[in-house]
Amino acid sequence: MKQFLLIFALAVAIAFPTAGDAVAARLIADVDISSQTMTVRKDGRVLYRWPVSTARPGKVTPIGTFRPQRMHRKWRSTIYGSNMPYSIFFRGPYAIHGTGAVSRLGRPASAGCVRLHTANAKRLYDLTRQVGPSNMRVRIRH
């Protein structure tokens with residue numbers, strides 16, 4: 001019985017990463033939807049705090065802690081046709097990526113992705129490649 005409980009607990013921990021999973025990551029992109037900001041931490045130290053745009057009314061930015069699924073230096077949305085430079089996809093079609101619409105940063109304006117200034121998206125993309133995607137987490141909260 002003890003062995004079963006141990007295996008079950010391990011399976012749950014793997015299937016559902018927690019905030020502790022984010023703390024263990026070397027690189028964390030912490031997105032606060034209420035303030036429309038991203039705080040980037042590497043090895044527990046704050047490196048950057050940037051304005052972002054998350055989902056506009058009627059759209060949704062997923063909440064939770066995610067691992068990068070794939071990364072693309074250049075990407076074009078197959079849904080909206082927009083450029084998404086330095087994309088870090090973290091849940092299906094949702095990504096952190098650069099935008100040319102910098103006047104909209106700091107307020108909800110996207111279709112659900114987390115948009116930031118392209119220079120900042122490049123910094124995050126390069127940091128993620130440096131530490132490895134398996135050592136990076138995206139945490140999104142209200």
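This report walks through a four-stranded sheet, one of its residues and a pocket in a predicted model.

Local features here need pLDDT of at least 70 and side-chain atom pairs pLDDT 80 or more, while totals for chains, interfaces and linings use all residues. Residues are numbered from 1 along each chain as its sequence is written, and side-chain values use heavy atoms, leaving out hydrogens and water.

**The sheet.** The open sheet runs in the order β5-β6-β7-β8 with mixed pairing (two strands pair if DSSP finds at least two bridges between them; strands are DSSP E runs of at least two residues, numbered from the N terminus). β5 and β8 each have a single partner strand, so one side of each is left without a neighbour in the sheet. β7 and β8 pair in the parallel sense over 4 bridges, and Ile96 has Val114 in β8 as its bridge partner.

| Strand | Residues |
|---|---|
| β5 | 70-72 |
| β6 | 87-91 |
| β7 | 94-99 |
| β8 | 114-117 |

**Leu116.** This residue sits in strand β8. Leu116 counts as buried because its relative accessibility is 0% (buried means under 20% relative accessible area, with a 1.4 Å probe and protein chains only). Pro51 is 65 residues away from Leu116 in sequence, yet their C-alpha atoms are 6.7 Å apart. Beyond residues up to four places away in sequence, Leu116 touches Pro51, Ile96 and Ala121, among others (contact means heavy atoms within 4.5 Å).

**The pocket.** Which strand gives the most to the lining of the largest pocket? Strand β7 does, with 4 residues.

Note on methods:
Buried < 20%, exposed > 50% of the residue type's maximum accessible area, 1.4 Å probe, protein only. Axes fitted to C-alpha atoms, helices over the stretch in contact; angles between N-to-C directions.
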